[in-house]
Amino acid sequence: MGRAVVIGACGQIGSPAVQALARDGWEVTAVSRGGGRAEDWPGEVRTRRLDREDDAALGSQIGEGCDLVVDLVAYGARHARQLTGLAGRIGAAVVVSSVSVYEDGEGRGFDTMGEPGGLPRYPVPIGEDQVTVPPGDASYSTGKVALERELLAAADRLPVTVLRPGAIHGPYSPLPRELYFVKRNLDGRRRRVLAFRGESLFHTSAARNIAELIRLAAALPGSRVLNACDPLPPTVADIGAAVDAVMEVETETVLLDGPAQASVGSSPWSVELPVVCDMSAAERELGYRPVVSYRDSLPEMVAWLTRRLSERDWREAFPSLARIYPDLFDYAAEDAWFAAGRA
């Protein structure tokens, strides 16, 4: 296939992406801040250290040239300009963005969800031609749009596939939403409360399915934007039931007709209106077929989370999750809610 450089190789998506590319015949250089190596990578995969903010170091990793760059940590216009500045030495690129770039056409998106009247009403499903938030540096979403716009503006010099995943799941996640169910089961909590009757839909993206899209896009270089999600997403109640099945526990789920009551009923998937993405473009343009279903991917994820929780407190293990969802395990509030007979 040629030489591929994977930036952010030791992360949640990077590990299966390196494996998929190596299996497909690419000569892979896996670069990351620590320069580590995953256990399941073939021995011929080379590893290198890289500070993503160091322009000279990035240029050094590209060397005289490579056929493919996969950038899993790029963010903002500056990182895009780093890549386009090396266009003469890069054959093609695959860069990961996010479904959080989408706006509903009325100025509402992920950034406005917590504001009065700010809940986005997306079409079902969301196509890649859906309007996005403006580019900028105000938020994660606007930064990803700035990245996309800068890259696509240079498509005549650097063919780039931009992938937009949803709620990414798989081992090595810095934001493992499945922790909500896994930790509760490990803590012996046999009752849980889910808002919106447990019917929330926030499209999931298995890291292994994203890796498959990377593999396919690498073999068919071009300039395109594609959603990068699983087949039809499970509801939050389905996710809880699937985790229970893997962990072989039985729980009672109490369903709220409306939103969470403070922390009671809240989960990392609890959205009132669905966020579901159209995957037909990836199927049509790349021949994409998911390599793993949500349910089949869970045993590996549950085992990894269980090991991490045995080693340290969840806040220490997953600081990003603790920052975004500080009341994720507010058992005292939930017990008081049950004691008050609100179920």
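## Strands side by side

Two strands count as paired if DSSP finds at least two bridges between them. Keep that in mind as you look at this model, which is a predicted one. In strand β3, the residue bridged to V31 is R48. That bridge belongs to the pairing of β2 with β3 (residues 46-49), which runs in the parallel sense over 4 bridges.

β2 has another partner too: strand β1 (residues 2-7) pairs with β2, again in the parallel sense, over 6 bridges. If you want a spot to look at, find V5, which stands opposite T29 in β2. And is β2 mostly covered or not? Strand β2 spans residues 26-32, and 6 of its 7 residues are buried.

## A helix between two strands

Now follow the chain from β1 to β2. Helix α1 (residues 14-23) joins in here, and β1, α1 and β2 together make a right-handed β-α-β unit.

## Two nonpolar cores

Which residues have the most contacts inside the largest nonpolar core? They are L21 and I214, and the core they belong to has 77 residues. Setting aside neighbours within four places in sequence, L21 touches V6, W26, V28, L68, V70, I214, R215 and A218. Apart from this core lies another, made of 22 residues, and V5, I7, C66 and L86 are among them. So V5, the residue opposite T29, turns up again in this 22-residue core, where being a member takes a buried residue of a nonpolar kind.

## A helix wrapped up inside

Why can we call helix α5 largely enclosed by the rest of the structure? Because 7 of the 8 residues in α5 (residues 179-186) are buried. The buried ones are L179, Y180, F181, V182, K183, R184 and N185.

What do they pack against? The buried residues of α5 meet one strand label, β8 (191-194), and several helix labels: α7 (236-247), α9 (294-311), α10 (314-317), α11 (319-324) and α12 (331-339). After α5 comes G188, with a positive phi near 80 degrees.

## The largest pocket

Time for some empty space. The largest pocket holds about 1,500 Å³ of it, and 50 residues line that pocket. Want to find the middle? Y140, L175, R177, F202 and I324 are the lining residues nearest the centre.

Which elements give two or more residues to this lining? They are α4 (140-153), β7 (167-169) and α11. You have met α11 already, as one of the elements that the buried residues of α5 pack against.

Definitions and conventions: Residues numbered from 1 in each chain as written. Predicted model: local features only at pLDDT ≥ 70, side-chain atom pairs only at ≥ 80, totals over all residues. Heavy atoms only, no water. Buried < 20%, exposed > 50% of the residue type's maximum accessible area, 1.4 Å probe, protein only. Right-handed = clockwise from strand over helix to strand, strands pointing away. Core = buried A, V, L, I, M, F, W, Y, C linked by side-chain atoms within 4.5 Å. Contact = heavy atoms within 4.5 Å. 1 Å grid on protein atoms, 1.4 Å probe; cavity = no way out; pocket = protein on both sides within 12 Å on 5 of 7 lines; lining within 4 Å. Points joined across faces, edges and corners; volume = space filled by probe spheres on them.
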